[in-house]
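Please look through the structure shown here and follow the explanation below, which moves from one helix to the core and then to the charged side chains.

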Amino acid sequence: MVVLRDELTGLRSMDDIIKARQLVRDCAIFQGLSLVDQTKIVTAASELARNTLVHGGGGDMRLQALNDGPRRGVKVIFADRGPGIPDLELAMKDGYTTRGGLGLGLSGSKRLVNEFSIESQSGQGTTVSIVRWK
């Protein structure tokens, strides 16, 4: 697999979430994703960027354009140094919320992408990786 583009951006404010959305959209267009696939990866990235800021106290987003032979895709990694998620299994269930939302952020993001992974350690933060292939 070849990484065609690799960008790191900080997520420290709501303005950074808007910037992150645009960067992901631009990368998806660059990679030739359909409008539907662009919308899916941007929606998932927006939710995860917001989680990074709100629940993780801020962090970073790494954006990569991938080329894997005939496949082209977009990979986005979100990392924070926040409190972590004590129960990942519970957090991935539809309807689970710690802040009074709908509880669809993590589970909904997972449904919008082709690949999803999450790692979290109490007191050390959370890293979420998503990929959408063309």
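**A helix and what covers it**

The buried residues of helix 1 are covered by several parts of the protein, including strand 1, helix 2, strand 2 and strand 3. The model in which we see this is a predicted one, and its mean pLDDT is 91, with 93% of the residues reaching 70 or more. Among the elements of the protein, strand 5 has the highest mean pLDDT, at 98, while helix 3, made of residues 88-91, has the lowest, at 84.

Helix 1 itself has 17 residues, and from its first C-alpha to its last it reaches 25 Å, which is close to the 24 Å expected at 1.5 Å a residue. Which residues of helix 1 are buried? They are Asp16, Ile17, Ala20, Leu23, Val24, Cys27 and Ala28. When the helix is seen down its axis, these buried residues fall within an arc of 130°, and so they line one face of helix 1. The face turned away from that buried side carries Met14, Asp15 and Ile18, which are exposed. After helix 1 comes Gly32, a residue whose phi is positive, near 80°.

From the helix we can turn to the core. The largest nonpolar core has 29 residues, and those that touch the most other members are Ile41, Met61, Val76, Phe78 and Ile130. Two or more residues of this core are given by each of helix 1 (14-30), helix 2 (35-54), strand 2 (59-68), strand 3 (71-80), strand 4 (115-121) and strand 5 (125-133). Helix 2 provides the largest share, seven residues.

Ile41 lets us see some of these contacts one by one. If its neighbours within four places in sequence are left aside, Ile41 is in contact with Val24, Ala28, Leu33, Val74, Val76, Val113, Ile130, Val131 and Arg132. Another residue to look at is Gln38, which lies in helix 2 and counts as buried because its relative accessible area is 11%, under the limit of 20%. Not counting residues up to four places away in sequence, Gln38 touches Arg25, Ala28, Ile29 and Leu33.

The last step concerns charged side chains. Side chains of opposite charge can pair when their charged atoms come close. How many salt bridges does a search of the whole structure find? The search finds six, and three of the pairs are described here, each in turn.

In one salt bridge, the side chain of Asp6 meets that of Arg62, with 2.7 Å from N to O. Because Asp6 lies in strand 1 (residues 2-11) and Arg62 in strand 2, this pair ties together parts that are 56 residues apart in sequence. Asp6 is partly exposed, with a relative accessible area of 44%, and Arg62 is also partly exposed, at 30% relative accessibility.

Arg5 forms a salt bridge with Glu7, and the closest N and O atoms of this pair are 2.8 Å apart. Arg5 counts as partly exposed at 22% relative accessibility, and Glu7 is partly exposed with a relative accessible area of 29%. A further salt bridge joins the side chains of Arg71 and Asp68, at 3.3 Å from N to O. Here Arg71 is partly exposed, with a relative accessible area of 34%, and Asp68 is partly exposed as well, with 27%.

Definitions and conventions. Residues numbered from 1 in each chain as written. Heavy atoms only, no water. Core = buried A, V, L, I, M, F, W, Y, C linked by side-chain atoms within 4.5 Å. Buried < 20%, exposed > 50% of the residue type's maximum accessible area, 1.4 Å probe, protein only. Helix = DSSP H or I, 4+ residues; strand = E, 2+ residues; numbered from the N terminus. Contact = heavy atoms within 4.5 Å. Salt bridge = Lys/Arg side-chain N within 4 Å of Asp/Glu carboxyl O. Expected span 1.5 Å × (residues − 1). Arc of directions from axis to C-beta. pLDDT = per-residue confidence, 0-100.
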